[in-house]
2 protein chains.
Amino acid sequence: MPEFFQVTPLETLFAYMTRFAVMDTEKIPLPSANGRIIAENVAPAGDYPDFNRATMDGYAVKAEATFGASEANPVYLTLTGNIAMGDAPTAAIGPEETMAISTGGMLPKGANGVVMREYVTHIDDTTIEIVRSLAPWANVIAAGEDMKAGETIIAAGTRLRPQESGTLAALGRKQITAYKQPGIGIISTGDEILPIEAEPGPGQIRDINTYTLSAMAENGGGIVRSYGIIPDDAEQLKAACHQALAEVDMLLISGGSSVGTRDITIEAISALPDAEILVHGIPLSPGKPTILARSGAMPIWGLPGQVTSAMIVFDRVVRRFIEYLAGLDVTGKNPEIRVPARLTRNLNSTPGRTDYIRTRLIPNDNGYAAEPILGKSGLIQTMIKADGLIEIDMHTEGLEKGSQVGVILFK
Amino acid sequence: MPEFFQVTPLETLFAYMTRFAVMDTEKIPLPSANGRIIAENVAPAGDYPDFNRATMDGYAVKAEATFGASEANPVYLTLTGNIAMGDAPTAAIGPEETMAISTGGMLPKGANGVVMREYVTHIDDTTIEIVRSLAPWANVIAAGEDMKAGETIIAAGTRLRPQESGTLAALGRKQITAYKQPGIGIISTGDEILPIEAEPGPGQIRDINTYTLSAMAENGGGIVRSYGIIPDDAEQLKAACHQALAEVDMLLISGGSSVGTRDITIEAISALPDAEILVHGIPLSPGKPTILARSGAMPIWGLPGQVTSAMIVFDRVVRRFIEYLAGLDVTGKNPEIRVPARLTRNLNSTPGRTDYIRTRLIPNDNGYAAEPILGKSGLIQTMIKADGLIEIDMHTEGLEKGSQVGVILFK
């Protein structure tokens, strides 16, 4: 197939990532931390929990005292007290002694297990009978069993899920250091593009990319700023880029899939301060007419005007750059999960480029079938019907019906 | 195993869902619609696009005129014009005629395909030579090919992804009707629970559940309101519930895993106006001591105090109620995706209850291995290390190493 321009291998494209600067950090309160990327390694100062904690309602005992206990051969212990929630036990227990304890309560010294109350009978006010042997540390979370002092529990570069927020709460981290969220500027270009409130005349369509790309950038952890629709005019585009340069951390310009308008994007970017076109065309289908440039330290993308192409380039390429700027550890320790599924039909592909095929997942007895969505790549409805993408790498000529693929779910 | 209380089957629990009212709707601007649940069926008034649109740079032709064209036997057409972006063509073309067109341009009447410019040679100012045969409708999105007038494209009850936002933009929907987001009140209870800024004394721990549950409720589409930590006192808990009743749409009370404190939760809820305890104990592990109640039309949950149990009950049970209130279509048209994986070890389970096992996904040549995370269920670090959960249903006694499971990813 003839090529209008040479394309840049994806490895080269991704290698450019480290040319850009990761965002600065800021202190944020824990309730705002959900989904944010932490900029510090978190290690507890002391063991957690810092006391032996009951996980059942029952009786704190020295487990060894119960060894051999059975219905036929019960063990009798002296009840020396009741441990109130949130209080330290008033005394230690000896091997023949026990204290009543509730879930979450602190075990007294001398105890290393909790007998569940259903295995206990009260003989009198100070004597209980136990009919089951207890393994040491049963029904207890021992001091330090959840987290050890000094051990890194959450590494810098982690996106905080609810469980990380909970861990930070456990450690008393009312405030954490997080990376600032990158500002993502979005510009739609094209003489044929109208604002969504306008009624398109013949040959005109409404601006879609501002909305799809804004939503994707938001989902990727960016803070979006839209710069509207710019006609196919290098001077106007340059002015919009200039404004964005001062206000955001990355700029996405979509539109200009035709050769003439692509030239306008190149012209506008090249005229920015300290500008460099790094990539002009990538071996991705859909998505070949993609530009990566910089002005100073700011990455600027020229994305295809076709809605679906722009979305797929965002998903597979741009998102990773946003995550890198946002401080996420992108070294591959947490590779994205691809849902294994069996292909429902043959797929052709052109070697030398990576193809992304929109796909629906259909549950079946063996897991999932991956059903490629038919229809031209420019149709946004193919994205509506799909759950994600199948990747056909550049060395593969196609995939056979029934072969196993990994479906990349939309985020 | 002895039971303190009878448990309610999960089908019965989920059947209670429809007793509660779905949220009211509101008009929201499209840029705020990402992730929201739409409350209207969306169908385009007219076909989309409403003109035949080029998907390549090239020449608009009547495809039939090129049939049989080859290097040896070229076809010659008369170039009658150039179609500007965003404009309607000034005239139709005849079978022997063509017009230059750019990607996104509107085809003239008479044209049903676009010959890519690389297959065209200019012979003179008004004549082009074509050396390839073109299939009708090649390199064109025909009017109505993406969406047909009147066809429901987005159904009420759909959570809007970027592609749905883009579709709404294409249709000029500057504003949409969405369900309001449910307000979720969160209360932590327990005499042993301290605010995170406090330094716990012996037997005390910091409030974790407020942070984990808030983050999960937020991720589930709720708007969170925290009512702080309430000690084990029915009067104080009742007062907090009263306040929440006036301000939120669902209330989560965590804590009180011990029998005594659970009684306090029951007492406080029962004293609310038009109160009813619907469920007291569910066949879930972890998570058995779960309460579902109502006061008037407001659902109230009593969740286990153990961090991990509360998270798992939220994930498997509470989230679905939030989604229902939030207007999501929960009829199962879009079942959650579970990643097929092979179990790395045997797992035991008790029939009669559904077990959820924290699990890490490890990529391998065949897809994924599912590695259960060892460690007591009360340890929050098991949630940190896990990617999701394996479900062992109530009719299964356990799973064998190597068997296929579906891992439910954390959201």
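Mentor: Let's start with a term: two strands count as paired if DSSP finds at least two bridges between them. Keep in mind that this is a predicted model.

Trainee: Thanks! In which sense do β15 and β19 of chain A pair, and over how many bridges?

Mentor: In a regular strand the side chains alternate between the two faces of the sheet. Here, β15(A), residues 250-254, and β19(A), residues 298-303, run parallel and share 4 bridges. Within that pair, A:L251 of β15(A) sits opposite A:I300.

Trainee: What is the strand order of the sheet in chain A?

Mentor: Follow β14-β11-β15-β19-β18-β16: these 6 strands make an open sheet with mixed pairing. β14 (223-230) and β16 (275-280) are the edge strands, each having a single partner, so one side of each lacks a neighbour in the sheet. On average, neighbouring strands are turned by 20° against each other, direction ignored.

Trainee: Which strands does α3(A) lie across?

Mentor: An α-helix has 3.6 residues a turn, so residues three or four places apart point the same way. In this structure α3(A) crosses β11 (183-189), β14, β15 and β19 of chain A, at about 165° to β11(A). Helix α4(A), residues 234-247, also packs on the sheet, touching β11, β14, β15, β18 (291-295) and β19, and its direction makes about 165° with that of β14(A).

Trainee: How many residues of α3(A) are buried?

Mentor: Buried means under 20% relative accessible area. By that cut-off, 9 of the 11 residues of α3(A), 209-219, are buried, so the helix is largely enclosed by the rest of the structure. Among them are A:Y211, A:L213 and A:M216. Just after the helix, look for A:G221, whose phi is positive, about 100°.

Trainee: Over in chain B, is β24 mostly covered or mostly uncovered?

Mentor: Mostly covered: 4 of the 5 residues of β24(B), 388-392, are buried. The strand pairs antiparallel with β22(B), residues 354-364, through 5 bridges, and also antiparallel with β26(B), residues 404-409, through 2 bridges. Take B:G388 as your landmark: B:T359 stands opposite this glycine, and so does B:L409 of β26(B).

Trainee: Finally, what turn lays chain A on chain B?

Mentor: Two copies of a chain are related by a rotation about an axis and a shift along it. Here the turn is 180° and the shift along the axis 0.0 Å, with an RMSD of 0.0 Å. That is the relation of a two-fold axis. In chain A, A:V339 has the C-alpha nearest the axis, 2.7 Å from it. As for the contact itself, 100% of chain A's interface residues are also interface residues in chain B, so the copies meet through the same surface.

Notes. Residues are numbered from 1 along each chain as its sequence is written. Chains are lettered from A and ligands numbered from 1 in the order in which they are written. This is a predicted model: local features need pLDDT of at least 70, side-chain atom pairs count only at pLDDT 80 or more; totals for chains, interfaces and linings use all residues. Side-chain values use heavy atoms; hydrogens and water are left out. Copies are superposed by least squares on the C-alpha atoms of residues with pLDDT of at least 70 in both. Contact means heavy atoms within 4.5 Å. Buried means under 20% relative accessible area, exposed over 50%, partly exposed in between (1.4 Å probe, protein chains only). Axes are lines fitted to C-alpha atoms, for helices over the stretch in contact, and angles run from 0 to 180 degrees between N-to-C directions.
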